[in-house]
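User: Could you zoom in on a single part of this one for me and talk me through how it sits in the rest of the chain? I'd like one connected account rather than a list.

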Amino acid sequence: ARKIGVLTGGGDCPGLNAVIRGIVRKGVQEYAYEFVGFRDGWRGPLEGDVVPLGIPAVRGILPRGGTILGSSRTNPFKEEHGVRRIKENLAKEEVDALITIGGEDTLGVAARLSDEFGIPCVGVPKTIDNDLSATDYTFGFDTAVGIATEAIDRLHTTAESHMRVLVVEVMGRHAGWIALHSGLAGGANAILIPEQRFSVDDVCSWVTSRFKASYAPIVVVAEGAMPKDGELVLKDGSLDSFGHVRLSGVGEWLAKEIERRTGKEARTTVLGHVQRGGTPSAFDRWLATRFGLHAIDAVRDGDFGKMVALRGTDIVRVPIAEATSRLKTVDPALYAEVGVFFG
Ligand code: F6P
């Protein structure tokens, strides 16, 4: 029997456990594979930190958020003898293939290990940000959008009671997908995304006109959105793998600017990690389970260096390297279509 290692890396995401369950159930029941779980992303194979992963371990985990395997952002290419240590630990555990569930960083490592070092890896894409170009959707996104939408619904009633501006900051890193989808679903009055620099003056004149019409405005701002007419303080100036500067506090900053420029009272809600916690939506359980079932089939076929992806309603396989090389961001035409264009 073949033995397969499974790991989850990067930020956690609702649906990770559903993937693990899909892999293990099909692998054990249909192919008689054995499994081992590596703890905390790439730290597990680096340090030989393993946990048993059979049918008992995956029982009851489908609706559970987080990941039973733990996660980290450890990168073996930044560790001394990283690749050698991974090879040694895989040999020790008699693991002959790895299924790696993660975002750009985790899958980037899997692509290199597979393509350059001959370690057989299959990838499963994961991010609440929905910004991986090779797949139409990633699991976790629908759950995050649902949580943000419910928050916006609730903020409408408190905003109206006090006739205040409410600014809601949502996650998404350098992509505006969560902001766009939740903003539209929640009936937000302005949606500001990283793909399009926004004008604070335009936001303010629109806020003023909303008050004249006796509405309390809701502004959804993606954490990565940037003003074109204002000074926003950068967190630490550090760059991510795409060369983008990481920001902090755009929601708080914008609410202050709105108050200063319009004289209207404004408050900020930063949704933060609430968007990543808790039970996955039905759609995310469905997608995550299908990804798991297809990932184990890729292992069975010896189709390594590949990642499963959703295209329309089909699950396909694409080279991991290709999938992680380009961000999927919001198209200006789609943004304009939604009718909240502050460019
Ligand atoms: O990529 C998922 C994500 O939640 C982003 O939306 C966010 O920018 C980032 O992770 C937060 O990272 P951390 O969990 O390290 O605070």
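Analyst: A helix here is a DSSP run of H or I at least four residues long, and helices are numbered from the N terminus. By that reckoning, Glu 104 is found in helix 5, so let's zoom in there. Keep in mind that this is a predicted model.

Helix 5 covers residues 104-117, which makes 14 residues. From its first C-alpha to its last it reaches 19 Å, close to the 20 Å expected at 1.5 Å a residue. Just after the helix comes Gly 118, with a positive phi of about 65°.

Now for what helix 5 tucks away. Its buried residues are Glu 104, Thr 106, Leu 107, Gly 108, Val 109, Ala 110, Ala 111, Leu 113 and Ser 114. What do they pack against? Two of the partners are helices, namely helix 4 (82-92) and helix 11 (320-323). The others are strand 4 (97-102), strand 5 (121-125) and strand 12 (306-311).

Glu 104 deserves a second look. It counts as buried because 22 other C-beta atoms lie within 10 Å, and 20 or more is the cut-off for that call. UniProt, in an unreviewed entry, lists Glu 104 under "binding site". The same feature name turns up in UniProt, again from an unreviewed entry, at Gly 11. Gly 11 sits in the loop between strand 1 (3-8) and helix 1 (16-31). Is Gly 11 buried or partly exposed? It is partly exposed, since 19 other C-beta atoms lie within 10 Å.

Gly 11 also belongs to the set of residues around the ligand, which is made up of Gly 11, Thr 127, Ile 128, Asp 129, Met 171, Gly 172, Arg 173, Glu 223 and Arg 276. By type, that shell splits into four charged, three polar and two nonpolar residues.

Stepping back to the whole fold, the protein chain has 12 helices and 13 strands. Its radius of gyration is 22 Å, which agrees with the value near 20 Å for a compact globule of 343 residues. Taken along the principal axes, the C-alpha atoms fill a box of roughly 70 × 40 × 30 Å. Buried residues account for 50% of the chain's 343 residues. Of the contacts between residues at least 6 apart in sequence, 76% join residues at least 24 apart. As for helix 5, strand 12 (306-311) and helix 11 (320-323) are among the elements its buried residues pack against.

Key
Residues numbered from 1 in each chain as written. Predicted model: local features only at pLDDT ≥ 70, side-chain atom pairs only at ≥ 80, totals over all residues. Rg over C-alpha atoms; globule rule 2.2 N^0.38 Å. Buried ≥ 20, exposed ≤ 12 C-beta atoms within 10 Å, placed from the backbone. Contact = placed C-beta atoms within 7 Å. UniProt positions renumbered as here; feature names shortened; annotations may be inferred. Near = placed C-beta within 6 Å. Nonpolar A, V, L, I, M, F, W, Y, C, P; charged D, E, K, R; others polar. Expected span 1.5 Å × (residues − 1).
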